[in-house]
Amino acid sequence: MTCTKQRLTILGATGSIGTNTLDVVARHPEQYEVFALSAHQRIEALAAQCLQWRPRFAAVADEAGARRLRALLADAGCATEVMSGPQALCELAAHPDVDAVMAAIVGAAGLAPCLAAARAGKRLLLANKEALVVGGALFMDAVHAGGATLLPIDSEHSAIFQCLPDDRAAWPARIDHIILTASGGPFRQRDPATLAAVTPQEACAHPNWVMGRKISVDSATMMNKALEVIEARWLFELQPQQIRVVIHPQSIIHSMVVCRDRSVLAQLGTPDMRVPIAVGLAHPQRIESGAELLDFTRLSALTFEEPDPQRFPGLQLAFDALQGPEGSTAVLNAANEEAVAAFLDGTIGFTDIHRVNAATIERVLPSLPAQPALQDLLALDERARAQARHFVKGMAT
Ligand code: NAD
Ligand code: MG
């Protein structure tokens, strides 16, 4: 029997999810082939990956970066073809020789290549939750029209996915509601009066997961869970009231499905993103991920608590946005991306993130045509960013 390898494009290869993906792929050289890799700014890191994996293509943000990468690869005798710009990401996501696309870019910048992969009918491994939060119905329509297979990589959504049957048509009749677990991040128990003064370094020090800086800040504000609520709404076609959130500080239960008959299904494991990545890569098979085994005898307790709406006001913004006019979630995401960037570069304080998000949502009323095109969503995204930057300016410390 001949076994054909799955050819992979990894968008955002130098990031936390990208490098974890390559770690899993390296364990299965007979099953996967790296077809293309992309990175935004970290040219040296991408060059090292190209030398190791010898992909057919690599893509970077701009032509200056591409020239640097070409020079590094030429010196090392690597024949990888280097492309640049946002259009290159779309081409590599939709290339006819690609089987699966790992979407591990951070932020709404991932939307266009995700849509390209969806329309081209690829296996789309979606880590880039912001793309779905912004794209919403447009994204899901592209998945259906292109006949793509959408596989969630976010650990919570992978957990839900693993608790459901392969037949998606059976999901609505089966699910009463889902429970997304949240760690509560580094500030779960910190005195709220001290939150305004926390530093980016403190906010990025997550107790259970090692992740990129933007999602680490989102975990500290719980905006990550807010985005995940919206993500779940689309992935599993749920009503907002079918999505609940509970804090589970140990991050062992990755999420749960409560069935119509009140049976609760949970997926457990050590907090290691290589597990949901391996699930996505191999589905419906299972492959070795490299994660440690969960040792139940060493678990002290599994505890649960209600998220405090005063401490984590962003969660409610997500539920409100889901009830609002189409495009509301795109506005929330755009505001949050700008606010987090401003916090990370020291322009605003930690608690200002929520203020920017709430003010932007209140100010920018989304007005989208009935079936918005990508340009409509991107224009709305840009309008919300401009407004958020205006609020950031007014708050700058
Ligand atoms: P990261 O910051 O570590 O990596 C981001 C990657 O995207 C990098 O390769 C970077 O070069 C690339 N990139 C950044 N901006 C870009 C742009 N404008 N255009 C093209 N490429 C760009 O982020 P991460 O932690 O790996 O997260 C990636 C995505 O996965 C995010 O959407 C995040 O929410 C999601 N996710 C991450 C984790 C995790 O454990 N890290 C878990 C669940 C979901
Ligand atoms: Mg998650």
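Visitor: What makes S10 and strand S11 a pair, and in which sense do they run?

Guide: In this predicted model, S10 and S11 (residues 264-268) are joined over five bridges in the antiparallel sense. Two strands pair if at least two bridges are found between them, so S10 and S11, with five bridges, count as paired. One place to look is Ser255, which stands opposite Gln267 in S11.

Visitor: What lies between S10 and S11 in their hairpin?

Guide: Four residues lie between the two strands of this hairpin, and Arg262 in the turn has a positive phi of about 80°.

Visitor: How do you know that strand S8 is joined to strand S10?

Guide: Strand S8 (residues 175-182) and strand S10 (residues 253-259) run antiparallel and are joined by four bridges. The requirement is at least two bridges, and therefore S8 and S10 are paired as well. Ile179, for example, has Met256 in S10 as its bridge partner.

Visitor: Why is Leu125 said to touch Leu151?

Guide: Contact requires C-beta atoms within 7 Å, and because Leu151 is listed among the residues that Leu125 touches, this pair meets that cut-off. Leaving aside residues up to four places away in sequence, Leu125 also touches Ala100, Val101, Met102, Ala103, Ile153, Gly280 and Leu281.

Visitor: Which residues have the most contacts inside the largest nonpolar core?

Guide: They are Ala103, Leu124 and Leu125, in a core of 127 residues. Helix H14 (residues 328-344) gives the largest share of this core, nine residues. Membership of such a core requires a residue to be buried, which means that 20 or more other C-beta atoms lie within 10 Å of its own; Leu125, as a member, therefore meets that condition.

Visitor: What makes a residue part of the surroundings of ligand 1, and which residues come nearest?

Guide: The C-beta atom of the residue has to lie within 6 Å of the ligand, and of the 26 residues around ligand 1, Gly12, Gly15, Ala109, Met211 and Gly212 come nearest. Helix H1 (16-26), helix H6 (129-146) and helix H10 (213-221) each give two or more residues to this shell, with H1 providing the largest share, three residues.

Visitor: How many residues of each class does the shell around ligand 1 have?

Guide: The shell has 12 nonpolar, nine polar and five charged residues. Gly counts as polar and Ala as nonpolar, so Gly12 and Ala109, both around ligand 1, fall into separate classes.

Note on methods. Residues are numbered from 1 along each chain as its sequence is written. Chains are lettered from A and ligands numbered from 1 in the order in which they are written. This is a predicted model: local features need pLDDT of at least 70, side-chain atom pairs count only at pLDDT 80 or more; totals for chains, interfaces and linings use all residues. A nonpolar core is a set of buried Ala, Val, Leu, Ile, Met, Phe, Trp, Tyr and Cys residues joined through C-beta atoms within 7 Å. A residue is buried if 20 or more other C-beta atoms lie within 10 Å of its own, exposed if 12 or fewer, and partly exposed in between; C-beta atoms are placed from the backbone. Two residues are in contact if their C-beta atoms, placed from the backbone, lie within 7 Å.
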